[in-house]
Amino acid sequence: MHSFDEIHALAVARKGEAGVLESLQHPKPQAEIAAMPDDRFLSLMTRCIFQSGFNWKVVEAMWPGFEAAFDGFDIGHCAMLHDEEFARLVSDTRIVRHGPKIRAVQENAVFLSGIAREHGSAGAFFVGWPTENYVGLLDLLQKKGSRLGGNTGQYFLRFAGIDSFILSQSVVNRLIAEGIVSKAPTSAKDKAAVQAAFNTWRAQSGRSLTEISRILAVSID
């Protein structure tokens, strides 16, 4: 596969130096992530889940209603949603009335509360996860969380500011061009190959997964 410098040169050839710089995103400082309250992680998970397959702008416009309906995404409150409250939520016009996604709020509150009990807070857990095994974190979200597989979990981590790559079509196309995978990675073998490639480019460049992901995305049509 190409070195990171070679891929960066391909990106510059397509977008220009200024265009590449403009496309970059950066992870948040770890201290900022560690200090993020647990309810904000649940809020962000929920926003990504409801935006999946739906109009993002509609969800964004309704978000104050979501915050009110779910009591500010208080972890304890959401983890203990009873049947009467669930019935109220599925008819609450302040939110998108999608029963399985509403139930996912409760399930993810339980998931996050377990993480917080073990690690002190969700933020501490995410900061402590090794970047060189980012795909392991994606697998954990898919297996232990609710509706956090695929792009939903990836966007959640990116929006939370956690160092991450998103397997968008453009990124996958670059990975295919590099001979790392032959299609969007779904098997454990392909995911491991993608992680190994990102680890190599990270070592070569000193850049974050987030930056590398964006540069890969703009390096190819």
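Helices here are DSSP runs of H or I with at least four residues, numbered from the N terminus. The model in all of these close-ups is a predicted one.

**Close-up 1. Lysine 144 in helix α9.** Helix α9 covers residues 134–144, and lysine 144 belongs to it. This lysine counts as exposed, because its relative accessibility is 57% and the exposed class starts over 50%. For a sense of where lysine 144 sits, take lysine 57 as a partner: the two are 87 residues apart along the chain, and their C-alpha atoms are separated by 28 Å.

**Close-up 2. Asparagine 108, a residue of helix α7.** Here we look into helix α7, residues 99–119, which is home to asparagine 108. With a relative accessible area of just 1%, asparagine 108 is buried. Who keeps it company? Setting aside neighbours within four places in sequence, asparagine 108 is in contact with Leu42, Met45 and Ile49, and also with Gly145, Ser146 and Leu148.

**Close-up 3. Helix α3 against helix α7.** Now for the helix pair itself. Helix α3 takes in residues 38–51, and its axis comes within 10 Å of the α7 axis, the two crossing at roughly 145°. The crossing of α3 past α7 is right-handed. On the α3 side, the residues taking part are Asp38, Phe41, Leu42, Met45, Thr46, Ile49 and Phe50. Facing them from α7 are Lys101, Ile102, Ala104, Val105, Asn108, Ala109, Phe111, Leu112 and Ala116. Sorted by type, the residues of this contact come out as 12 nonpolar, two polar and two charged.

**Close-up 4. Leucine 175 and the nonpolar core.** The largest nonpolar core has 65 residues, and Phe70, Phe126 and Leu175 are the ones with the most contacts inside it. As background, nonpolar side chains in soluble globular proteins tend to be buried together. Zooming in on leucine 175, and skipping residues up to four places away in sequence, we find it touching Leu167, Ile180, Val181, Val194, Phe198, Trp201 and Leu216.

**Close-up 5. Cysteines 48 and 78, both without a disulfide.** How many disulfides does the structure hold? Zero. The sulfur of cysteine 48 has its closest cysteine sulfur in cysteine 78, but that is 16 Å off and therefore too far for a bond; a disulfide would need the two sulfurs within 2.5 Å. Cysteine 78 is likewise in no disulfide, its nearest cysteine sulfur being that of cysteine 48. Are these two buried or exposed? Cysteine 48 is buried, at 5% relative accessibility, and cysteine 78 is buried too, with a relative accessible area of 0%.

Definitions and conventions
Residues numbered from 1 in each chain as written. Predicted model: local features only at pLDDT ≥ 70, side-chain atom pairs only at ≥ 80, totals over all residues. Heavy atoms only, no water. Buried < 20%, exposed > 50% of the residue type's maximum accessible area, 1.4 Å probe, protein only. Contact = heavy atoms within 4.5 Å. Axes fitted to C-alpha atoms, helices over the stretch in contact; angles between N-to-C directions. Left-handed = near helix turned anticlockwise from the far one by under 90°. Nonpolar A, V, L, I, M, F, W, Y, C, P; charged D, E, K, R; others polar. Core = buried A, V, L, I, M, F, W, Y, C linked by side-chain atoms within 4.5 Å.
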